[in-house]
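Let's take a walk through this structure together, one region at a time. Have the 3D view open and turn it as you read.

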Amino acid sequence: MGSYPAAYQTEGGALGVDRDFYGRIASDTEGRELVEEFTLPIRSGRAWEVPAGHVCRIVTPEGPQVGDFNVWNRHDPRERMWAARTRQLQAAHVTTFDRIWSTLPFLRPLLTVTNDTLAGYGTDEDGGRVHDLLGTRCDPYVNRMLTGEDFDFHCHSNLTRAVLPYGLTEFDVHDVLNVFQCTGLNDEDRYFMKACPAKAGDFFEFFAELDLLCALSTCPGGDLSVPLWGPDAKDPIDVCRPLAVQVYRVPDELRAGWQPPQPAAYRNLHGMRLPHWTDPN
């Protein structure tokens, strides 16, 4: 991968993370109150709310399964996950203490990853890593282009159906965090996907920095051990499994001193100045 320094240095300052605080959120689970829990069947999607200061956990209850994740500010869906900037400020694959950042002009953390049972996976022999921000969701448009066939249960479609009850549409679905997905770039600098390494009971957990609307699709590719396209492609339904979601209220004392992050301080003038108004009277 090389050792050239990262463009965006994340130690301290605006990009610093209070690891003691988020470590306590992750480890002190005795006082948590489960406020919502559900299971997503295979090849489906669902949206749900996570209030600010709560913790959300995505679980693989029956074994390896990839999930495509979107997130918005619950009160203003124009503010949503910005995958490209998150790749720059954090990494192309996220884990504990990384953050998901929001779009301009807001530019603030939407969530902070507090726990990840696959954090020890690291980088494998092919350069693969988990919890991917490199790629995006599968969609019926690419599928039609590559196969000549229509399929209505790609992640883009699952997410589209999931957000309709919240007044959102296909245009609000955006680039995803591929939870539990193992990906990388090969020697030709081309994107690859490997079989998901998760086991039954693995989880990815985050702390909501704002009131969030989240949506998740159980990818129709399942654990991605079967190619979706190419000469060896076939229907991978046999390797599709459900995902589970749990939302917890965190005790007030654990959140002492925490405040939701404010939008970026830039004044949004972009070099333009409003004309000076003079009272004619």
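**A strand in the middle of things**

Seven bridges tie strand E4 to strand E12 (residues 212–218), and the two run antiparallel. Keep in mind that this is a predicted model. To find one of those bridges, look for Asn70, whose partner in E12 is Ala215.

E12 isn't the end of the story for E4. Strand E9 also pairs with E4 in the antiparallel sense, this time over three bridges. Here Phe69 is the residue to pick out, with Leu177 as its bridge partner in E9. Then there's strand E5 (residues 76–80), which runs antiparallel to E4 and is joined to it by two bridges. E4 and E5 make a hairpin, with two residues between them. At this hairpin, Asn73 stands opposite Asp76 in E5.

So is E4 buried or exposed? Seven of the seven residues of E4 (residues 67–73) are buried, so the strand is largely enclosed by the rest of the structure. You can check this face by face. One side carries Gly67, Phe69, Val71 and Asn73, the other has Asp68, Asn70 and Trp72, and all of them are buried.

Now for the nonpolar side of things. As a general point, nonpolar side chains in soluble globular proteins tend to be buried together. In this model, the largest nonpolar core has 39 residues, and the members that touch the most others are Trp48, Phe69, Val71, Leu177, Phe180 and Leu212. Which strand gives the most to this core? That's E9 (residues 177–185), with four residues. A second, separate core has 10 residues, including Trp72, Ala162, Val163 and Leu168.

Two residues of the largest core are worth a closer look. Phe180 lies in strand E9, and it counts as buried because its relative accessibility is 0%. Try comparing Phe180 with Ala119: they are 61 residues apart in sequence, and their C-alpha atoms are 11 Å apart in space. Leu212 is the other one. Leaving out neighbours within four places in sequence, Leu212 is in contact with Trp48, Glu49, Val50, Val71, Trp72, Arg74, Leu110, Leu111 and Phe206.

Next, step off the strands and find His174, in the loop between helix H4 (155–163) and E9. Although it sits in a loop, His174 counts as buried, because its relative accessibility is 5% and the cut-off for buried is under 20%. What does His174 touch, if residues up to four places away in sequence are not counted? Its contacts are Asn70, Val71, Trp72, Arg80, Met81 and Arg137. Three of these names should be familiar from E4: Asn70, Val71 and Trp72.

Let's finish with some empty space. The largest pocket holds about 870 Å³. It is lined by 32 residues, and those nearest its centre are Ala6, Arg87, Gln90, Ala91 and Ala92. Helix H2 (83–89) and E9 are the elements that give two or more residues to this lining. H2 supplies the largest share, three residues. What kinds of residue line the largest pocket? By class, the lining has 14 nonpolar, 12 polar and six charged residues. Strand E9, then, turns up again and again on this walk: it pairs with E4, gives the most to the largest core and helps to line the largest pocket.

How values were computed. Residues numbered from 1 in each chain as written. Predicted model: local features only at pLDDT ≥ 70, side-chain atom pairs only at ≥ 80, totals over all residues. Heavy atoms only, no water. Core = buried A, V, L, I, M, F, W, Y, C linked by side-chain atoms within 4.5 Å. Buried < 20%, exposed > 50% of the residue type's maximum accessible area, 1.4 Å probe, protein only. Contact = heavy atoms within 4.5 Å. 1 Å grid on protein atoms, 1.4 Å probe; cavity = no way out; pocket = protein on both sides within 12 Å on 5 of 7 lines; lining within 4 Å. Points joined across faces, edges and corners; volume = space filled by probe spheres on them. Nonpolar A, V, L, I, M, F, W, Y, C, P; charged D, E, K, R; others polar. Pairing = 2+ DSSP bridges.
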